[in-house]
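User: I've got a model open and I'd like to go through the labels people put on it. Could you give me the reasoning behind each one?

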Amino acid sequence: MNAKFINNYIQIGLKVSYYRKLKTYTQEQLAEKLNCSVSFIGQIEAPNIYKAISLDTLFKIADALEIPPYKLLYFEN
């Protein structure tokens with residue numbers, strides 16, 4: 001993982017958490033939709049853990065949350 005992008009990973013995780021909560025999904029429910037572990041979702045969302053995810057995973061998350069993928073990648077200054 002490139003240290004230069006750590007803030008981006010944090011931003012993606014915070015956006016996953018935000019949109020998950022908008023859908024009123026628990027981490028368990030999102031993990032079930034993605035066929036992954038709850039700890040994986042927790043690692044993505046945790047601001048103190050820098051979890052890199054693939055584009056496939058990002059697309060799956062966006063699909064499960066019923067949002068366009070760009071919403072997870074748009075970073076406001």
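What follows is a run of questions on those labels, with the reasoning for each.

Analyst: Sure. Keep in mind that this is a predicted model.

User: Let's start with the overall fold. What makes up the secondary structure?

Analyst: The protein has 5 helices and 0 strands, so the order from the N terminus reads α-α-α-α-α.

User: How do you know whether the protein is as compact as a globular protein of that length?

Analyst: Set the radius of gyration against the globule rule. The protein comes out at 11 Å, and the rule gives 11 Å for 77 residues, so the protein is as compact as a globular protein of that length. As for extent, the C-alpha atoms fill a box of roughly 30 × 25 × 20 Å along the principal axes. Of the contacts with a separation of 6 or more, 58% are between residues 24 or more positions apart.

User: How do you know that the length of H1 agrees with its number of residues?

Analyst: H1 covers 6-22. Its 17 residues at 1.5 Å a residue should span 24 Å, and the end C-alpha atoms are 25 Å apart, so the two agree.

User: Which residues of H1 are buried, and what covers them?

Analyst: The buried ones are Ile10, Ile12, Gly13, Lys15, Val16, Ser17, Tyr19 and Arg20. Their cover includes H2, H3, H4 and H5.

User: Why is tyrosine 19 called buried and tyrosine 18 partly exposed?

Analyst: Buried means under 20% relative accessible area, and exposed means over 50%. Tyrosine 19 has 15%, so it counts as buried. Tyrosine 18 has 47%, which falls in between, so it is partly exposed.

User: And what makes those two rings an edge-to-face pair?

Analyst: Two tests. Ring centres have to lie within 6.5 Å, and planes over 60 degrees apart count as edge-to-face. For tyrosine 18 and tyrosine 19 the centres are 5.0 Å apart and the planes sit at 80 degrees, so the pair passes both and is edge-to-face. The count for the structure comes to 1 aromatic pair.

User: Which residues touch the most other members of the largest nonpolar core?

Analyst: That core has 17 residues, and Val16, Leu30, Ile61, Leu65 and Leu72 touch the most other members. Two or more residues come from each of H1, H2 (27-34), H3 (38-45) and H4 (55-65). H4 gives the most, with 5 residues.

User: What does leucine 65 touch?

Analyst: Leaving aside residues up to four places away in sequence, leucine 65 touches Val16, Tyr19, Arg20, Lys23, Tyr25 and Leu30.

User: What makes the phi of asparagine 35 worth a look?

Analyst: Most residues other than glycine have a negative phi. Asparagine 35 is not a glycine, yet its phi is near 55 degrees, a positive value. Asparagine 35 lies in the loop between H2 and H3. With a relative accessible area of 73%, over the 50% cut-off, asparagine 35 is exposed.

User: Where does glutamate 66 lie, and is it buried or exposed?

Analyst: Glutamate 66 is in the loop between H4 and H5. Its relative accessible area is 59%, and the cut-off is 50%, so it is called exposed. Glutamate 66 also has a positive phi, about 55 degrees, although it is not a glycine.

User: What phi does threonine 24 take?

Analyst: Threonine 24, just after H1, takes a positive phi of about 60 degrees.

Notes: Residues numbered from 1 in each chain as written. Predicted model: local features only at pLDDT ≥ 70, side-chain atom pairs only at ≥ 80, totals over all residues. Heavy atoms only, no water. Core = buried A, V, L, I, M, F, W, Y, C linked by side-chain atoms within 4.5 Å. Buried < 20%, exposed > 50% of the residue type's maximum accessible area, 1.4 Å probe, protein only. Helix = DSSP H or I, 4+ residues; strand = E, 2+ residues; numbered from the N terminus. Contact = heavy atoms within 4.5 Å. Expected span 1.5 Å × (residues − 1). Phe/Tyr/Trp six-rings, centres within 6.5 Å; stacked < 30°, edge-to-face > 60°. Rg over C-alpha atoms; globule rule 2.2 N^0.38 Å.
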